[in-house]
Amino acid sequence: QLTPSSLLRIGQLSNVDLNEDIPELETELPRQHPNEIPHNEKLLSLKYESLDYDNSENQLFLEEERRINHTAFRTVEIKRWVICAMIGILTGLVACFIDIVVENLAGLKYRVVKDNIDKFTEKGGLSFSLLLWATLNASVVMVGSLIVAFIEPVAAGSGIPQIKCYLNGVKIPHVVRLKTLVIKVCGVILSVVGGLAVGKEGPMIHSGAVIAAGISQGRSTSLKRDFKIFEYFRRDTEKRDFVSAGAAAGVSAAFGAPVGGVLFSLEEGASFWNQFLTWRIFFASMISTFTLNSVLSVYHGNAWDLSSPGLINFGRFDNEKMGYTIQEIPIFIFMGVVGGILGALFNALNYWLTMFRIRYIHRPCLQVVEAMLVAAVTATVGFVMIYCSRDCQPIQGSTVAYPLQLFCADGEYNSMATAFFNTPEKSVVSLFHDPPGSYNPMTLGMFTLMYFFLACWTYGLTVSAGVFIPSLLIGAAWGRLFGISLSYLTNASIWADPGKYALMGAAAQLGGIVRMTLSLTVIMMEATGNVTYGFPIMLVLMTAKIVGDYFVEGLYDMHIQLQSVPFLHWEAPVTSHSLTAREVMSTPVTCLRRIERVGTVVDILSDTSSNHNGFPVVESNPDATQVGWRQLGVCRVPRGLSPLQVFVERANLSLVQRRLKLKDFRDAYPRFPPIQSIHVSQDERECMIDLSEFMNPSPYTVPQEASLPRVFKLFRALGLRHLVVVDNRNEVVGMVTRKDLARYRLGKEGLEELSLAQT
């Protein structure tokens, strides 16, 4: 257990490594300066609880399951499909809302700024236009950042790391609340309209997950309303399955890629999977794309033409002019290497930046100021780049939404403005599809450089925003530049179209940053509507992942690690066979007897030093030759609701003898009352309570000689919260929880053990 002083010492150590101004820091630290929070990535936080993905088969559970007949099970199955359809429809509608509002607000902003620039270009005094643009951006982002920082900090960022943790079995507070959804949707609209280097696709995944969690529970804790429907699904296992469907529906609405959504949920999210689930999730994804498609088609005025399946549509790539030849494959692989290196650089820069933010910018007001600063700088950089660019293109035949003339001749527009003076989604599409010659190589080079640093600085701000679109935009820009340079070098017509290189560059850059392989290949194929590129995209993504992983982890995994979350990967660390359950487990274990004094139970539950809420129930060995306690089962306390409350309720109901039902636990899920809220009188403390109906009589146990990979496999595959370790006489010797397993991970020097901290 770490004391605050040793925590501070760890922070000091890592500070000395990271900062040059050592003497100054050392004088500051002993006074425990509140301006700085010591943070070290080699810590594992104790504040995260584990979710219980394994049903506790106690008497109450078994009685209820035996009462349910075959037709009732059929009804439950039908309800599952209904919930999935509702998840799809609502996620699609939320996506439409975001899209329509962003389009109108951003359109309004760009029109105002464009008219202003056109006016001042003739009269002189363009600095006013710059001021207007920067002020508009900063004020919009200020509102977006205020609501996130002060109302719901969990809504910051894309939300993908949080949903990954939730599906992995970690309880992240407030992650699937209705309040989080409202703040997320408003925040993402404001940050995209505010012109930050962000996309609205990542947050759709989080929004889908929140919608799923809300619908499947048939109640809202934020609104304090219980609709008394879907009560059967009020437990962690069921909720998890629906949340993975919601995440898939979110991907599907964002990219118009239902299969990609299912694979995303499988690859990035769900730690536990079955065949029925796949089909239901695919159904939710399809419904979500279809809803978005129909609503947007009606909105755009062509009701019968379903042509906008996702929030971002890369447009159609024609096969005739866009085929690829066998000799281009090495070039694509080389692009993958470049993407991997650039992605690793992006992640490394973002890592140091996030460490700095955790330490120094932890006050909400500072976070808002930083977001405003980034918004103003983004506008200024865009303006200066457009102002200095002399890259003029003829307006005729071009599809630019807001052509800025500036110092170009009449009938021409500034091509740097198509990249900066637009929402990032539109810029990506124009980089993919504008005819050869639309961009000057110098323009693309400068744009890539500036946007790379802007996107890196923006990710991790206290605003709701995704990293998908900025990554695609950076990659499309350098990919197009690469294509143009190739056609200069070879003068051949097969390299003629820079659009396909822009596509490969976009895939390489995004793969290098987030390290997704399977789902990203399919998402890119579905979003471009072209299967021809399946093979090159796969090669590019594989190369980018292999190269990037050599240097640094993927962006999402890195942020999970920086938050000190006890995340369990697919496999135990490869070199951990030498460790056994005896070395890993927590000891000593607090045990209860089958018939226990109420006072003892109260004291044990009120004790904050016991980190895990599972207590083995034991009885003394009847065999007189052996001294010891034989395990009967595990009594799990669902984060506060305890046999005690039950006992107190019974004491009050002593006239009407009512047996407890599982429904009582479900009505309290997911926020169980804390033990402090239950008052037990002195006489009641002396009463005895029988724990046999609450304990799980058949818990999973492992012998203390079992190796760490074996324990890990059992724990992770079954989604356990506690795993009891027994000796050869079946006596409890220890308990393995998530933190005991997540502590060990592979570092640069081999297997390393993380310290546990209360922060």
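Student: How do the residues lining the second largest cavity divide into nonpolar, polar and charged?

Tutor: Good place to begin! Keep in mind that this is a predicted model. The lining has 11 nonpolar residues, 7 polar ones and 1 charged one.

Student: How many cavities are there, and what volume does the second largest have?

Tutor: Searching the whole structure turns up 9 cavities of 30 Å³ or more. The second largest has a volume of about 160 Å³. It is lined by 19 residues, and those closest to its centre are Tyr-110, Gly-195, Thr-378, Phe-420 and Asn-422.

Student: Which helices supply at least two residues of that lining?

Tutor: Look for helix 4 (70-123), helix 5 (127-150), helix 14 (364-388), helix 15 (415-420) and helix 16 (424-433). Helix 14 gives the most, with 3 residues. You can read the lining by domain too: domain 1 (84-300) and domain 2 (320-362 + 423-559) each provide at least three residues.

Student: Now for a single helix. Why is helix 20 described as largely enclosed by the rest of the structure?

Tutor: First, the general idea. An α-helix has 3.6 residues a turn, so residues three or four places apart point the same way. Now the case here: helix 20 spans residues 518-528, and 8 of its 11 residues are buried, so the rest of the structure largely encloses it.

Student: Which residues of helix 20 are buried?

Tutor: In sequence order, they are Ser-519, Leu-520, Thr-521, Val-522, Ile-523, Met-524, Ala-527 and Thr-528.

Student: And what follows helix 20?

Tutor: Gly-529 does, and its phi is positive, near 65°.

How values were computed. Residues numbered from 1 in each chain as written. Predicted model: local features only at pLDDT ≥ 70, side-chain atom pairs only at ≥ 80, totals over all residues. Heavy atoms only, no water. 1 Å grid on protein atoms, 1.4 Å probe; cavity = no way out; pocket = protein on both sides within 12 Å on 5 of 7 lines; lining within 4 Å. Points joined across faces, edges and corners; volume = space filled by probe spheres on them. Helix = DSSP H or I, 4+ residues; strand = E, 2+ residues; numbered from the N terminus. Nonpolar A, V, L, I, M, F, W, Y, C, P; charged D, E, K, R; others polar. Domains from an automatic or database assignment. Buried < 20%, exposed > 50% of the residue type's maximum accessible area, 1.4 Å probe, protein only.
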